[in-house]
Amino acid sequence: WKSNLSIFEAGVVHAPNSSRTNAALGNEYYKLGYKETNQQLRMSYFTDALRYSKAALEIFPANSGAIYTIGLAYNGMGDKVKAAEYYRKTLTHDPKHRAALNNLGTAFLEEKKYDSAYIYFKRCYDADTLFPKSSQNLAIYYFMVGNYNQAIQFAANATRLNKYQLIGYDVLSKAYKALGNEAEAVNYQRLYNEMSAEAKEMNKVVE
């Protein structure tokens with residue numbers, strides 16, 4: 001096969017009434033859009049992602065993967081209201097969908113709605129305590145509301161779970177600085193720089 005896209009396109013051709021094949025193609029179009037730098041082509045990919053993901057839902061309305069992809073596509077197109085709507089719909093079918101929980105928490109955090117952000121970040125953490133990003137997001141929340149000791153606890157956990165969870169080091173540095181511990185602040189800033197360079201060299205995906 002020439003590409004993943006051609007595989008999933010063939011799947012829809014051979015099984016057009018399959019929710020799974022339509023959802024897989026929709027998700028592949030989203031991934032292409034996410035990576036694309038040309039804005040016109042990017043929007044085209046997201047439009048196709050919506051098309052096939054919605055087709056998947058017409059066949060099987062409870063396909064939580066397709067619902068979530070629709071949310072991602074709307075977010076990529078800049079429609080955060082629609083994105084949040086579909087993240088919530090995802091949770092009606094899969095209450096422990098950690099990515100949907102994470103994205104809703106992040107959306108509320110960006111709006112400085114800290115109480116709402118905490119609710120979703122905590123649900124994400126409870127759904128999977130080994131998911132590094134859930135610890136990292138709780139660390140960000142606690143730092144933003146001035147609870148630096150809790151921020152340190154969750155940021156340290158995030159970096160233990162994944163040493164390339166770079167924002168965790170940044171939170172640790174800033175939280176220790178806020179508490180007046182300059183030595184630890186400098187130490188974690190050093191670790192942030194080292195892990196950033198290492199991740200870049202190894203072409204690691206960092207968050």
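The legends below describe close-up views of a predicted model.

**View 1. The protein chain consists of helices, with no strands.**
The secondary structure amounts to 11 helices and zero strands, and along the sequence it reads α-α-α-α-α-α-α-α-α-α-α. The C-alpha trace covers about 60 × 35 × 30 Å along its principal axes. Of the 207 residues in the protein chain, 43% are buried. When contacts between residues at least 6 apart in sequence are taken, 46% of them join residues at least 24 apart.

**View 2. Helix H2 packs its buried residues against H1, H3 and H4.**
H2 contains 17 residues, and the distance from its first C-alpha to its last is 25 Å, close to the 24 Å expected at 1.5 Å a residue. The buried residues of H2 include Ser19, Thr21, Asn22, Ala23 and Leu25. Further along the helix, Gly26, Glu28, Tyr29, Tyr30 and Gly33 are also buried. These buried residues pack against helix H1 (4-14), H3 and H4.

**View 3. Tyr30 is a buried residue of helix H2.**
Tyr30 lies in helix H2. Its relative accessibility is 12%, below the 20% limit, so Tyr30 counts as buried. With neighbours within four places in sequence left aside, Tyr30 is in contact with Phe46, Ala49, Thr69, Leu72 and Ala73. One of these contacts, Leu72, is also among the residues that lie nearest the centre of the largest pocket. Pro95 is 65 residues from Tyr30 in sequence, and their C-alpha atoms are 23 Å apart in space.

**View 4. The largest pocket is lined by 38 residues.**
The volume of the largest pocket is about 1200 Å³. Nearest its centre lie Leu72, Asn75, Asn102, Asn103 and Lys133. At least two lining residues come from each of helix H2 (19-35), helix H3 (39-59), helix H4 (64-76), helix H5 (80-93), H6 and H8. H6 gives the most to the lining, with nine residues.

**View 5. Helix H8 is mostly covered.**
H8 runs over residues 132-144, and its 13 residues should span 18 Å at 1.5 Å a residue. The C-alpha atoms at its ends are 19 Å apart, which agrees with the expected span. In H8, 10 of the 13 residues are buried. Pro132, Ser134, Ser135, Gln136 and Asn137 are among them, as are Leu138, Ala139, Ile140, Tyr141 and Tyr142. The buried residues pack against helix H6 (98-110), helix H7 (114-127), helix H9 (148-161) and helix H10 (166-178). Just after H8, Gly146 has a positive phi of about 90 degrees.

**View 6. Tyr118 and Tyr142 form an edge-to-face pair.**
The whole structure holds 14 aromatic pairs. In the pair shown, the ring centres of Tyr118 and Tyr142 are 6.2 Å apart and the planes stand at 65 degrees; the angle is over 60 degrees, so the pair is edge-to-face. The pair links distant parts of the chain, with Tyr118 in helix H7 and Tyr142 in helix H8, 24 residues apart. Tyr118 is partly exposed, with a relative accessible area of 25%. Tyr142, at 12% relative accessibility, counts as buried.

**View 7. Tyr142 and Phe154 form a stacked pair.**
The ring centres of Tyr142 and Phe154 are 5.7 Å apart and the planes are at 15 degrees; this angle is under 30 degrees, so the pair is stacked. Tyr142 belongs to helix H8 and Phe154 to helix H9, so the pair ties together parts that are 12 residues apart in sequence. Both residues, Tyr142 and Phe154, are buried. They belong to one aromatic cluster formed by Tyr118, Tyr125, Tyr141, Tyr142 and Phe154.

**View 8. Lys89 and Arg98 each lie over the face of an aromatic ring.**
Lys89 lies over the face of Tyr86, at 4.4 Å from the ring centre. Arg98 lies over the face of Phe131, and the distance to the ring centre is 3.9 Å.

Definitions and conventions: Residues are numbered from 1 along each chain as its sequence is written. This is a predicted model: local features need pLDDT of at least 70, side-chain atom pairs count only at pLDDT 80 or more; totals for chains, interfaces and linings use all residues. Side-chain values use heavy atoms; hydrogens and water are left out. Helices (H or I, at least four residues) and strands (E, at least two) are DSSP runs, numbered from the N terminus. The expected span of a helix is 1.5 Å times one less than its number of residues. Buried means under 20% relative accessible area, exposed over 50%, partly exposed in between (1.4 Å probe, protein chains only). Contact means heavy atoms within 4.5 Å. Rings of Phe, Tyr and Trp (its six-membered ring) pair if their centres lie within 6.5 Å; planes under 30 degrees apart count as stacked, over 60 as edge-to-face and the rest as tilted. A charge sits over a ring if NZ of Lys or CZ of Arg is within 6 Å of the ring centre and within 35 degrees of the ring normal. On a 1 Å grid over the protein atoms alone, a cavity is a set of points where a 1.4 Å probe fits but cannot get out, and a pocket is an open set with protein on both sides within 12 Å along at least five of seven lines; lining residues have an atom within 4 Å of a point. Grid points are joined across faces, edges and corners, and a volume is the space filled by probe spheres set on the points.
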